[in-house]
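Work through the exercises below with the model open. Each task is followed by a stepwise solution.

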Amino acid sequence: MLRSSVVRTAATPDRDTLGSLLRHYAGAGAPLSCEPVAEGLLNHGYFLATTRGRYFLKHHLDGDRAALTRQHRATRRLAALGLPVVPPVTDDDGQTVTVLDGRCYALHPWVEGGHLGGAALTRGQSWQLGALLGLVHTTLEQVMADEPHPPRPPCADAGADPERTFETIEELLALARGARPRTSFDELAEHRLLERRALLAQLAHHRPAPGAEPPAGWVHGDFHPLNVLYRDAEPTAIVDWDRLGVHPRAEEAVRAAAIFFVRPCGTLDLAKVAAYAGAYRSTCHAGADELAAAVHRVWWERLNDFWMLTWRYQLGDRRTDPQFPAAAALAVWWTREYRAVRNAFTG
């Protein structure tokens, strides 16, 4: 079983490392300060101030240079077509990835902006967000036409197996019940695990059939409020393309809406969802059947998913704890309001 030692961390690059890095970039200047601004499983991010400017420095923990090059090529092409993305700076050798001591870094221009969740978006801005994601998908189809599709896991198109979910629930129940000192979070986790186990026992026959997934295409892969920067109520940058890949496009639209428009009580703002989904369908010409299939598959995915509890109890990482109450409640509410949610997405 995975424990906290698996969580990868990295120290802020020291001045010598930063100096070596910046020497690859003519005109970047010398380092003045470097402060962490983001930490994830796939990368760490830093605000880097130099004598010549301000940058976002990204340390890619996985070090997959082929994937990084593909991501950077995609963002350059998207930017050339006017999409709000921030391609990396090219070094003196024309490269966008710098390797120092076996670590992969990319340097991006710093972009000012803030994050807006669905509660802060008007219906008009929700429509704009759906249109933006639709434009991302259609433009990716254009700019990635000559790129080979990356391999997908053999089980990528199959709905989650409830039998495996039952095993996960039992593992997490034991950890939640054995937590010491026992907290209100542990009590909520136990309640939601038991609740979900009962729901799955009733609904196991609704597992999506193989081959029922909507059409696949290139997608951002992690489209959510922390990866969209706003300035003056306008989206100014879509960031963090580490999960760029080929997946069912409409599923990304549904997943994003379930993050943007979830309320703290675990319900969705269906009026904003409808505006967002209508713009998405119009922009990328997705039909109601495609969105309905995506809604069903993402609902099933959510019903079987306990990644936040896995992070807490098996990885020792509590960063997602504040998100758990709403996310866990959403799966139950979505089950109860399944038809209304589907109608909001399909029009």
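**Exercise 1. Place Arg-192 and describe its surroundings.**

Solution.
- Step 1: Arg-192 sits in helix H5, which spans residues 184-203. The model is a predicted one.
- Step 2: Classify the burial. The relative accessible area of Arg-192 is 15%. Buried means under 20%, so Arg-192 is buried.
- Step 3: Look for a polar partner. The side chains of Arg-192 and Glu-195 are joined by a polar contact of 2.6 Å.
- Step 4: Set aside neighbours within four places in sequence. Arg-192 then contacts Phe-324, Ala-328, Ala-329 and Val-332.

**Exercise 2. Which parts of the chain does the salt bridge between Asp-242 and Lys-58 tie together?**

Solution.
- Step 1: Check the pair. The closest N and O atoms of Asp-242 and Lys-58 are 3.3 Å apart. The cut-off for a salt bridge is 4 Å, so the pair forms a salt bridge.
- Step 2: Locate both ends. Asp-242 lies in the loop between strand S8 (234-238) and strand S9 (245-248), while Lys-58 belongs to strand S3 (residues 54-60). The bridge therefore ties together parts 184 residues apart in sequence.
- Step 3: Add the burial. Asp-242 and Lys-58 are both buried.

**Exercise 3. Assign a burial class to each partner in the Glu-190 and Arg-182 salt bridge, then do likewise for Arg-319 and Asp-317.**

Solution.
- Step 1: Glu-190 and Arg-182 meet through their side chains at 2.5 Å, N to O.
- Step 2: Glu-190 has a relative accessible area of 18% and is buried. Arg-182, at 33%, is partly exposed.
- Step 3: Turn to the other pair. The N to O distance between the side chains of Arg-319 and Asp-317 is 2.6 Å.
- Step 4: Arg-319 comes out at 35% relative accessible area, so it is partly exposed. Asp-317 has 8% relative accessibility and counts as buried.
- Step 5: Now widen the view to shared partners. Arg-73, Arg-77, Asp-146 and Glu-147 are joined into one network by such salt bridges.

**Exercise 4. How many salt bridges does the structure hold, and how many disulfides are counted?**

Solution.
- Step 1: The structure holds 21 salt bridges.
- Step 2: Apply the disulfide cut-off, a pair of cysteine sulfur atoms within 2.5 Å. The count is zero disulfides.
- Step 3: Compare two cysteines by accessibility. Cys-265 is exposed at 54% relative accessibility. Cys-284 is buried at 6%.

Key
Residues are numbered from 1 along each chain as its sequence is written. This is a predicted model: local features need pLDDT of at least 70, side-chain atom pairs count only at pLDDT 80 or more; totals for chains, interfaces and linings use all residues. Side-chain values use heavy atoms; hydrogens and water are left out. Helices (H or I, at least four residues) and strands (E, at least two) are DSSP runs, numbered from the N terminus. Buried means under 20% relative accessible area, exposed over 50%, partly exposed in between (1.4 Å probe, protein chains only). A polar contact is a pair of N or O atoms within 3.5 Å; within protein, one must be able to donate a hydrogen and the other to accept it, and residues adjacent in sequence count only if both atoms are side-chain atoms. Contact means heavy atoms within 4.5 Å.
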